[in-house]
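Visitor: I would like to learn how to read a protein model slowly and carefully. Could you take me through one, question by question?

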Amino acid sequence: MCKKATNDNRIYPHFPTPEKLTSQDKPTKALITSSATSLHSQLADQIREMIYSRELVSGEKILSEHELMNRFGISRGTVRHAIETLVNEGLLFRVHGKGTYVAEEGLSHPAGVRPLSFAESLKNQGMEFETKVLEKKVLPAPENVKNELQASPSDLICFLRRVRYVGGEPILCQESWTNLSECPGYEKADFRVEPAFSAAERCSGKKIAYSKIRYTARAAGVEHGRYLHCDENSPILVLEQTIRFADKAPFEWSLTWLTSGQAVVGDAIQPRNARAHR
């Protein structure tokens with residue numbers, strides 16, 4: 001079980017995706033017996049994704065082995081294999097005689113305030129890349145998105161999922177929620193050729209200036225392993241950003257999943273009156 005190594009005491013909200021908005025129970029997705037992916041891997045991935053998206057939070061007790069067996073119609077051995085996988089990853093821990101619980105989050109680090117544009121970064125490095133749009137939907141704002149983006153109940157939000165490729169290989173997957181009241185017409189952009197930041201500035205008439213950034217190390221999981229053509233247990237760096245215009249209005253909340261072999265480089269600014277530690 002990993003202890004937090006940060007002074008960031010914020011309770012981070014659940015980052016939803018459209019396919020999870022109809023979920024009212026935990027977990028709900030049926031396991032596919034005919035899939036090439038083992039049943040224990042499918043179950044482990046569901047629970048893992050719920051932890052990553054913060055549907056399950058630190059200290060929360062998950063369903064018992066018996067409940068999971070009944071829910072999915074699987075054997076105790078399959079359930080135990082899935083739980084053991086997540087215990088070994090540091091995502092769950094067991095309390096003898098009580099059950100299995102979600103572990104505290106691992107290392108979490110602040111990463112400055114400058115928004116990270118990966119399209120701009122790739123261009124600056126002289127890399128040719130291709131962007132594929134996997135999903136684009138306009139929806140009423142889910143509760144957590146509304147709170148994060150300070151949106152009104154009537155605001156519509158655009159969910160966007162893209163994968164970027166270099167040399168034919170996927171290097172990152174980006175999932176974002178954008179407030180259309182701040183960026184009218186944003187959903188009509190062709191994101192295969194226009195970067196999201198450029199579309200946001202064009203549609204809003206404002207300049208992007210600030211970002212609250214948080215990054216964590218994770219296993220890819222089945223879903224993002226599929227998007228990024230890697231094994232579900234492959235290490236992934238995930239960056240979470242809440243991005244604001246120069247007038248401080250938040251307009252985008254995003255996750256960027258980076259494959260191994262990449263680095264995030266920037267300047268760290270020591271807050272005023274903060275004590276220096278090494």
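Guide: What follows is a set of questions and answers about this predicted model.

Visitor: How many helices and strands does the protein have?
Guide: The protein has 278 residues, of which 46% count as buried. Among contacts with a separation of 6 or more, 66% are between residues 24 or more positions apart. As for the elements themselves, the protein has seven helices and nine strands.

Visitor: Which element supplies the largest share of the largest nonpolar core?
Guide: In soluble globular proteins, nonpolar side chains tend to be buried together. Here the largest nonpolar core has 41 residues, and those touching the most other members are Leu 43, Ile 51, Leu 56, Val 79, Leu 92, Trp 177 and Trp 257. Several elements each supply at least two residues of this core, including helix 3 (76–88), strand 6 (169–179) and strand 9 (250–258). The largest share, six residues, comes from helix 1.

Visitor: From which domains does this core draw at least three residues each?
Guide: The elements that each supply at least two residues to this core include helix 1 (39–52) and helix 2 (65–72), as well as strand 5 (156–166) and strand 8 (235–245). In terms of domains, the core draws at least three residues from each of domain 1 (39–102) and domain 2 (118–258).

Visitor: Leu 92 was named among the core residues that touch the most other members, so to speak, a good place to look; which residues does Leu 92 touch?
Guide: Residues up to four places away in sequence are not counted here. With those set aside, Leu 92 touches Ile 51, Ile 62, Ile 83, Leu 86, Val 87, Thr 100, Tyr 101, Val 102 and Ala 103.

Visitor: How many residues does the other core have?
Guide: This other core lies apart from the largest one, and its members include Cys 183, Ala 189, Phe 191 and Cys 203. The number of residues in this other core is 16.

Visitor: At what angle do helix 2 and helix 3 pack?
Guide: Two packed helices are described by the angle between their axes and the distance between the axes. For helix 2 and helix 3 the axes are 9 Å apart, and the crossing is right-handed. The angle at which helix 2 and helix 3 pack is about 115°.

Visitor: How do the residues of that contact divide into nonpolar, polar and charged?
Guide: Helix 2 contributes Glu 65, Leu 68 and Met 69, while helix 3 contributes Arg 76, Val 79, Arg 80 and Ile 83. Sorted by kind, the residues of this contact are four nonpolar, no polar and three charged.

Visitor: How many of the eight residues of helix 7 are buried?
Guide: The buried residues of helix 7 are Gly 221, Glu 223, His 224, Gly 225, Tyr 227 and Leu 228. Helix 7 is thus described as mostly covered, and the number of its residues that are buried is six.

Visitor: Is His 229, which follows helix 7, buried or exposed?
Guide: His 229 lies in the loop between helix 7 and strand 8, and its phi is positive, about 55°, although it is not a glycine. Because its relative accessible area is 54%, and the cut-off is over 50%, His 229 counts as exposed.

Visitor: What is the relative accessible area of Lys 248?
Guide: Lys 248 is found in the loop between strand 8 and strand 9. Its phi is positive, about 75°, although Lys 248 is not a glycine. Lys 248 is partly exposed, with a relative accessible area of 46%.

Visitor: Is Gln 42 buried or exposed?
Guide: Gln 42 lies in helix 1, and, leaving out residues up to four places away in sequence, it touches Leu 31, Ile 32, Ser 35 and Thr 37. The C-alpha atoms of Gln 42 and Glu 223 are separated by 9.8 Å, although these residues are 181 residues apart along the chain. Because its relative accessibility is 11%, and the cut-off is under 20%, Gln 42 counts as buried.

Visitor: How far apart in space are Ile 236 and Thr 259, C-alpha to C-alpha?
Guide: Ile 236 lies in strand 8 and is buried, with a relative accessible area of 3%. Among the residues that Ile 236 touches are Leu 228, Trp 257 and Thr 259. Ile 236 and Thr 259 are 23 residues apart in sequence, and their C-alpha separation in space is 5.3 Å.

How values were computed. Residues are numbered from 1 along each chain as its sequence is written. This is a predicted model: local features need pLDDT of at least 70, side-chain atom pairs count only at pLDDT 80 or more; totals for chains, interfaces and linings use all residues. Side-chain values use heavy atoms; hydrogens and water are left out. A nonpolar core is a set of buried Ala, Val, Leu, Ile, Met, Phe, Trp, Tyr and Cys residues joined through side-chain atoms within 4.5 Å. Buried means under 20% relative accessible area, exposed over 50%, partly exposed in between (1.4 Å probe, protein chains only). Helices (H or I, at least four residues) and strands (E, at least two) are DSSP runs, numbered from the N terminus. Domain bounds come from an automatic or database domain assignment. Contact means heavy atoms within 4.5 Å. Axes are lines fitted to C-alpha atoms, for helices over the stretch in contact, and angles run from 0 to 180 degrees between N-to-C directions. A crossing is left-handed if the near helix is turned anticlockwise from the far one by less than a right angle, and right-handed if clockwise. Ala, Val, Leu, Ile, Met, Phe, Trp, Tyr, Cys and Pro count as nonpolar, Asp, Glu, Lys and Arg as charged, and the others, Gly among them, as polar.
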